[in-house]
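I opened my notebook to look for enclosed empty space in this structure. Here is what I looked up, entry by entry.

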Amino acid sequence: MSVTAPKGFRASGVAAGLKDGGRSDVALVVNDGPDFTVAGVFTGNRVKAAPVLWSEQVLKGGIVRAVVLNSGGANACTGSQGFRDTHATAEHTAAALRAAARPMLIGAGDVAVCSTGLIGELLPMDKLLPGVTHAAKKLTADGGDAAAEAIMTTDTVAKTAVRAGEGWSVGGMAKGAGMLAPALATMLVVITTDAVAGNDALDEALREATRLTFDRIDSDGCMSTNDTVLLLASGASDVQPEQAELTAAVTAVCHDLAQQLIADAEGATKHVAIEVHGAASEADAVEVGRTVARNNLVKTALFGNDPNWGRILAAVGTTKAAFEPDRIDVAVNGVWVCKSGAAAEDRSSVDLTGRDVNIRINLHEAEMSATIWTTDLSHAYVHENSAYSS
């Protein structure tokens with residue numbers, strides 16, 4: 001049930017006509033309390049969509065009672081009218097919830113707004129606002145799956161995850177299949193918990209989780225204008241976990257969702273884990289892994305089932321990480337094709353026919369490590385992003 005697995009949450013997903021074919025495109029997630037604490041992480045792109053700017057301001061108040069999300073339009077690069085439309089969406093959502101069968105004490109400042117889709121066009125408010133009204137009427141305690149479906153764009157599957165603690169739980173939903181690069185990715189993520197947790201505790205848990213999960217998936221090196229990850233707590237379980245427990249559960253849900261995002265990346269035929277070991281610092285390990293993940297020659301080699309370790313070394317060599325070229329080892333799917341910066345085991349023994357690929361790089365500098373997850377670069381990726389306007 002994703003976001004409705006924890007107690008105190010209802011959700012819905014409806015079709016408002018923003019997308020073709022009658023597909024659902026408006027989602028609503030409501031926190032019924034008794035607590036309404038929240039944390040959020042947003043895109044690092046300097047070009048931010050109107051919903052991001054709005055939600056950043058809402059979170060400063062420390063309370064979010066509802067999140068309204070739409071696919072079929074990003075409302076990014078839409079100027080002052082786009083921001084007014086976001087404000088109107090929040091106002092309309094609050095009014096619809098005040099008028100619902102289970103009325104809420106809620107104002108526009110309690111509503112976070114998320115949008116995803118084509119950049120540069122205004123949303124059709126004559127369709128969106130009636131869709132929000134419909135979504136408010138369809139809210140149920142098992143509506144999480146419907147909400148997850150409504151936020152899909154080029155996604156081929158809905159993405160949900162749940163982790164249970166002792167007497168409390170964490171649930172989440174995500175969308176994203178392209179423009180997957182930190183920070184964060186072209187993704188919308190809503191995570192819920194019925195744990196008792198203050199804003200600071202949620203913020204600490206979410207930032208640590210994001211650092212290790214969403215910030216380490218990188219399918220195509222492209223950063224979106226709309227990335228939003230929200231963590232809402234209802235306190236309905238009446239259980240206050242230790243900070244480490246909360247962080248671990250949120251991280252587990254984020255990791256699950258992040259792996260689903262990269263597995264569904266546009267046109268991908270390979271799911272690639274790049275492990276960097278022996279780095280002088282975690283930052284060095286992340287830089288090396290991310291650089292290899294973004295290297296088009298490496299990505300096309302993987303698409304062609306070619307364990308081309310020379311391209312991997314060449315990519316590592318463009319970083320500022322501490323290493324000696326003649327000490328680097330590289331393994332592809334368990335075969336050490338490079339030792340001490342030179343050819344080692346026979347590369348023809350590497351089996352790349354499956355979907356999962358593991359690249360292990362040892363810099364032999366110190367003990368720090370990090371893993372970056374990426375994909376190959378396929379004909380299908382090029383076709384989808386040339387034929388589909390996003």
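**Entry 1, the largest cavity.** I looked up its volume and found about 50 Å³. By cavity I mean a set of points on a 1 Å grid over the protein atoms alone where a 1.4 Å probe fits but cannot get out. Grid points are joined across faces, edges and corners, and the volume is the space filled by probe spheres set on the points. My search of the whole structure gave 2 cavities of 30 Å³ or more.

I noted that this is a predicted model, where local features need pLDDT of at least 70 and side-chain atom pairs count only at pLDDT 80 or more, while totals for chains, interfaces and linings use all residues. Residues are numbered from 1 along each chain as its sequence is written, and side-chain values use heavy atoms, with hydrogens and water left out.

**Entry 2, its lining.** Which residues line the largest cavity? I listed V68, L69, N70, N75, D85, T86, T89, V113, C114, S115, L123 and L128 (lining residues have an atom within 4 Å of a point). Two or more residues each come from β4 (66–70), α2 (79–98) and β5 (111–115). Helices (H or I, at least four residues) and strands (E, at least two) are DSSP runs, numbered from the N terminus. I sorted the lining into 6 nonpolar, 5 polar and 1 charged. Ala, Val, Leu, Ile, Met, Phe, Trp, Tyr, Cys and Pro count as nonpolar, Asp, Glu, Lys and Arg as charged, and the others, Gly among them, as polar.

**Entry 3, the sheet beside it.** I followed β4 and β5 into an open sheet of 4 strands, ordered β1-β2-β4-β5 with mixed pairing (two strands pair if DSSP finds at least two bridges between them). β1 (9–14) and β5 are the edge strands, each pairing on one side only. β4 and β5 run parallel and are joined by 5 bridges. Two lining residues met again here: N70 stands opposite S115 in β5.

**Entry 4, the helix α2.** I found α2 lying across β2 (26–31), β4 and β5, at about 125° to β5. Contact means heavy atoms within 4.5 Å; axes are lines fitted to C-alpha atoms, for helices over the stretch in contact, and angles run from 0 to 180 degrees between N-to-C directions.

**Entry 5, the second largest cavity.** I read off about 30 Å³ of space. V298, A301, L302, D306, P307, N308, I312, V332 and I359 line this cavity. Helix α8 (residues 296–303) gives the largest share, 3 residues. By class I counted 7 nonpolar, 1 polar and 1 charged.

Methods. On a 1 Å grid over the protein atoms alone, a cavity is a set of points where a 1.4 Å probe fits but cannot get out, and a pocket is an open set with protein on both sides within 12 Å along at least five of seven lines; lining residues have an atom within 4 Å of a point.
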